[in-house]
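Visitor: I should be grateful for a close look at one part of this protein, namely the surroundings of a buried acidic residue. Please then set that part beside other buried places in the model.

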Amino acid sequence: MDYKDYYEALGVKRSANEKEIKAAFRKAARKYHPDINTEPDAEAKFKEVNEAYEVLKDPERRAAYDQLGQEPAQGQGQYRPPPDWDSGYSFSESGPRSDADFSDFFETLFRRGSGPTGGMGGGRGSDSHGKIDITLEDAYRGAERTLSFRSPVPGPNGTVTMQDRKIAVRVPKGITQGQHIRLAGQGVPGPGGAGDLFLEVSFAPHPLYRPEGKDLYINLPITPWEAALGGHVVMPTPDGQVDLSIPKNARSGQKLRLKGKGLPGAPAGNIYATLKIVNPDATTQEARAFFEKMAKEMPFDPRAHFGGIGK
């Protein structure tokens with residue numbers, strides 16, 4: 001069967017959150033709806049978008065799909081999922097569908113009722129969903145956290161009570177914001193076994209870095225002389241300090257890349273440092289005299305490119 005990249009179908013990153021996925025689906029569905037778009041491939045695109053959303057909107061299906069990995073390299077033949085990739089998952093159906101609605105890829109992976117993991121049978125408890133806040137450093141190095149929460153527990157007479165629980169959570173190294181951590185058997189208990197607990201990862205605000213997928217962005221202040229002369233500055237990263245080379249005649253807004261220094265992965269993300277030239281305050285007589293000397297001996301007009309515009 002052919003591999004389906006559901007993130008590409010919706011035009012979102014693999015780290016996209018629920019809100020971004022829903023917005024992308026609505027936009028794509030309007031674009032390719034056969035009643036609006038008369039292009040020959042509009043109907044096929046519309047079905048592809050619907051199939052992608054059917055998977056990515058559901059935390060359980062999305063977590064299982066992410067576990068598959070990405071499309072194999074060209075020349076390796078038809079895609080085959082790894083053995084036991086869906087072990088422990090139990091996908092719920094959202095209603096009857098015709099065979100033409102979904103691709104063979106979807107039907108093979110997610111259509112229940114066949115195979116050792118088919119169906120919800122036996123009164124399996126429902127899945128639970130929640131969020132876990134972690135730091136950027138947790139995602140960079142991996143971490144162990146203890147999560148305290150309240151969850152519904154059915155009693156022998158059918159009544160449901162809320163009970164306080166604590167559970168150990170392993171934060172995998174390189175996880176990105178919006179991804180889910182699946183804790184098998186930690187959902188709502190049932191006669192046929194407990195459901196699973198899916199935790200959506202959220203990053204606490206970082207004082208320096210802004211994450212986007214596995215890439216990290218930082219605004220890096222430099223002095224006017226560092227910008228003019230070039231040199232080296234020490235810059236903090238989640239994995240410790242690094243020595244960053246500033247090119248001569250650097251400009252404010254210029255972006256420098258530290259390849260492979262972002263969140264770990266295959267491949268690892270990058271760090272992008274955007275330079276921001278910061279002038280010192282001329283608060284003393286000596287400082288003012290220094291700037292006045294520069295103005296006389298280094299004539300420079302940053303607005304020379306304006307020319308005679310506006311005259």
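**A buried aspartate and other interior sites**

Guide: In this predicted model, Asp138 has a relative accessible area of 8% and is therefore buried, the cut-off being under 20%. Asp138 belongs to helix H6, which comprises residues 136-141. When residues up to four places away in sequence are not counted, Asp138 touches Ala143, Arg145 and Val171.

A glycine offers a second buried site. Gly125 has 5% relative accessibility, so Gly125 too falls under the 20% limit for a buried residue. Gly125 lies in the loop that runs between helix H5 (104-110) and strand S1 (128-134). With neighbours within four places in sequence left aside, the contacts of Gly125 are Val188, Pro189, Gly190, Gly193, Ala194 and Gly195. Gly185 is 60 residues from Gly125 in sequence, yet their C-alpha atoms are 8.9 Å apart in space.

The nonpolar interior may be considered next. The largest nonpolar core has 36 residues, and the members that touch the most others are Leu220, Met235, Leu244 and Ile246. For Leu244, the contacts beyond four places in sequence include two of these members, Leu220 and Met235. Leu244 is also in contact with Gly231, His232, Val233, Leu256, Leu258 and Ala273. A second core, separate from the largest, consists of 25 residues, among them Tyr6, Tyr32, Phe46 and Leu56.

Terms used. Residues are numbered from 1 along each chain as its sequence is written. This is a predicted model: local features need pLDDT of at least 70, side-chain atom pairs count only at pLDDT 80 or more; totals for chains, interfaces and linings use all residues. Side-chain values use heavy atoms; hydrogens and water are left out. A nonpolar core is a set of buried Ala, Val, Leu, Ile, Met, Phe, Trp, Tyr and Cys residues joined through side-chain atoms within 4.5 Å. Buried means under 20% relative accessible area, exposed over 50%, partly exposed in between (1.4 Å probe, protein chains only). Contact means heavy atoms within 4.5 Å. Helices (H or I, at least four residues) and strands (E, at least two) are DSSP runs, numbered from the N terminus.
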